[in-house]
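Me: I'd like a close look at one single part of this model. Pick a spot and walk me through what surrounds it, please.

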Amino acid sequence: MGTAEPQSRRPKPCQHCKLLRRKCERQSLDEACARCVASKRPCTNDDVDDDRELDAVDGSEEIQYYLRQVQKLERSMSDLAADMQRQQGHAPSKTPIVWREDAMDADSISSPALSWTSASVSSFSLQDEATGQHQVALARQFGSSSLSPSSSSGSPRVTSWMTPDGAATLQLFDPVDKDKSQNDKDTRNSSDFTWNLTLTDGRLKLNSTIQSIDELREYDKAFHRFLSPFSALFEDTAFVFERFDNMSLLPRTIEILSKTKLKTKALTLYDVPSTVPLAHPDLINGLRNGTPPPIEVIDLIIQSYMQCVNEPMPLLHAPTYLKRYHDIIRLDPYTDTITMAICCAHCASTCSHLPFPNYDRRVLADFFYERATSLIYDIFDDPDHRLETLMAVNLLTEYRRMSLRISEATKWIDIAVRLANDLAPMYDVKPAHLTKPDIYVSQFKRDDWCRKPKQSTEIDRVLFLRHYVIAFAHQKYLALVMYGNPDNWEFLNLHPIEIAPDESIVSHEFVEIMNVTLYFMTHPVMLDLTEKISRIVLGELTRVPLDLILRFDQLYNEWWQDMPEESRLCPGDPSKPDSLPYVAACTSQKQMIVYLLALAEKQEIYLRLSRPHRGTTMSFDGASELSRAIQDKYITSALDCLVNMLAVLRRLELTRKYCVFASEVFVGVADQLSVLASSENKVVANEAQKHLKSLLAELDEVWFMHGNKVSRDASPLLKMDMRRRNDPLYVYHNIMESYDVYPNPALAFCYDVLQTSRDDHVP
């Protein structure tokens, strides 16, 4: 028997793959890996010790390198300026100085008056001592960024020359593919455009005419991308962030659910405490005895749901469902799955138009949930009822969230996602991304999302696209809080939501808003940043590139401007204090809802990026100042967002027509204020404490908290914290079950978290 050969070891990953924590595909250290070849970057062997990895990611070594190159460039600029001044006495030949990608060598680029030792950034400056006129040209960075345009027929170039009057002229262009069809003019990108610029007396002037909005956008991208001397700095620099606070709502939820063995609760009607007088005793007692509520109650719930919830968030096609309800379902609504799911979801909500107090709602919700679940079991494996099952499961998620039935929610949401994937080919939805792509999608189809929704008469497809989004959103949230999995790249598979012609004008408007928002939330930049933010929430030290942070701000501003003008409460950034006068004058609930949504997105990002890790080491000059500047900016901006959200929430209470996530936002603002109340920034902390104290007083009086306020003596959370402090071997148990004695367990748990946080942070 021959001796088995020792198994060959896989070569060490290159520097780029190691820092990105991606698989490095190559056979030996002598060849470039597939990832670096595909992204056209140098493949460098990683000879750095592990304890220096943080510095490499933070960019300190790279920055020091570029600082040395800047010194060389300054010397070269002086030589070049002197050379050009000597030539000004001659007539300009307009022979351009051109740098071509195919002419660049990785080690050196040289010209008679200028030399570099790096191809990452190429620049030169011309100055006429007599006139003070400058010429600046910054060639594009030849890297892997998806935002940099490319051309298949030639290399990008920057061309410059001196005009007879001594002004500097710069031409920025990419060669156009000669074989490009003339019919593609409307969809061309920046590689099809040429722009001439002149720099005189320190001012850069665009001499070319912008022909369209698309060209204006491409010029803006190219200008900032090609002409910024800091692009390499931004891309190679990262800050390490840590979790701001572990006592707020989301970290608390993750802590409990991730360490607790969950059990399925029995399906029983809520037992209203004997000390609580019933508002509708005949109805509640009848439900306890197994008597269904009268048809008038069903009519009332359906009418309220369709007006308050389904118009702004149309999960049902109202014309089709209402016709079927009045013609068929109303004869025996207790045998219709969708109707029972609607009744359950709406009774589990905090809709202010439903004329039942909290205790009555809970009993009704329990009754309808038992009926709906029983009906789903009868149809969920029937191929002809897959879409109906998907819709019913999504609707019932509201009840499972309210009642903290986490184990059941996990099971049913998994079924919903399986059904959605099973139905996707039928509706021409083909998933293409299962994990994070190697590079950002180069052409994210903005025009498919940021326009009037596509109208379709295929009602089943219209409904499927909406519930496809809902199912994946539920799954990703549970994956985060239950299993600590922040992966969200499957959202790249989502399609724009469509609208049926016979749906209401309000639904048309809100579907357009949904699409613009989905474009923003599923943009690769946002998905990348959201994944990193989730890791921070999970308690991980997380590296976030400075370039990604800056792209978020740009994307956010573009998204707000892409929002339909009639849906924007203010023309400028909604997070700024100067938007408050618009809030005071606003009477459109649609605008207020969109404004709230915009603020919620921004404050969540800014709050999580307001705690750079103290152990972050960056050696270039000004690093600590930059870190502090980021922290101060984001923590102040997060507070501004929350103050604006409070203002619009109070305004919303005066003009409420649609009942969509109002209570969740109310509690969420209080939770985020409790985080800021512990800030090291005393000005921000004091302001947050003041707003939190006022808001918690309002929360004690608001109607949906009636019966859901947890006293400190009965606090399951407080008891758990005390036992955990006293017992180092403490074993978590499911304290979520302890909140089931309240009519709305989810609100009771949130209130308990807020009370605990207030005790810690509010004097």
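Reply: What follows is a tour of one residue and one cavity. Quick housekeeping: this is a predicted model, where local features need pLDDT of at least 70 and side-chain atom pairs pLDDT 80 or more, while totals for chains, interfaces and linings use all residues. Residues count from 1 along each chain, and side-chain values use heavy atoms, without hydrogens or water.

Our residue is Asn-708, in the loop between helix H24 (682–701) and helix H25 (716–726); helices are DSSP runs of H or I, at least four residues, numbered from the N terminus. Asn-708 counts as buried because its relative accessibility is 0% (the cut-off is under 20%, with a 1.4 Å probe, protein chains only).

Its side chain reaches two backbone atoms: the oxygen of Phe-704 at 3.0 Å and the nitrogen of Asn-744 at 2.8 Å. Beyond its neighbours within four places in sequence, Asn-708 is in contact (heavy atoms within 4.5 Å) with Asn-358, Tyr-742, Pro-743, Asn-744, Leu-747, Ala-748 and Tyr-751.

Two of those names come back at a cavity (on a 1 Å grid, points where a 1.4 Å probe fits but cannot get out). There are ten of 30 Å³ or more, and the second largest has a volume of about 100 Å³. Its lining has 14 residues, and those closest to its centre are Cys-347, Ser-349, Asn-358, Arg-361 and Asn-744. Asn-358 and Asn-744 are thus the two that also touch Asn-708. Helix H12 (residues 358–379) gives the largest share of that lining, three residues. By type, the lining divides into seven nonpolar, five polar and two charged residues.

Conventions. Helices (H or I, at least four residues) and strands (E, at least two) are DSSP runs, numbered from the N terminus. Buried means under 20% relative accessible area, exposed over 50%, partly exposed in between (1.4 Å probe, protein chains only). A polar contact is a pair of N or O atoms within 3.5 Å; within protein, one must be able to donate a hydrogen and the other to accept it, and residues adjacent in sequence count only if both atoms are side-chain atoms. On a 1 Å grid over the protein atoms alone, a cavity is a set of points where a 1.4 Å probe fits but cannot get out, and a pocket is an open set with protein on both sides within 12 Å along at least five of seven lines; lining residues have an atom within 4 Å of a point. Grid points are joined across faces, edges and corners, and a volume is the space filled by probe spheres set on the points. Ala, Val, Leu, Ile, Met, Phe, Trp, Tyr, Cys and Pro count as nonpolar, Asp, Glu, Lys and Arg as charged, and the others, Gly among them, as polar.
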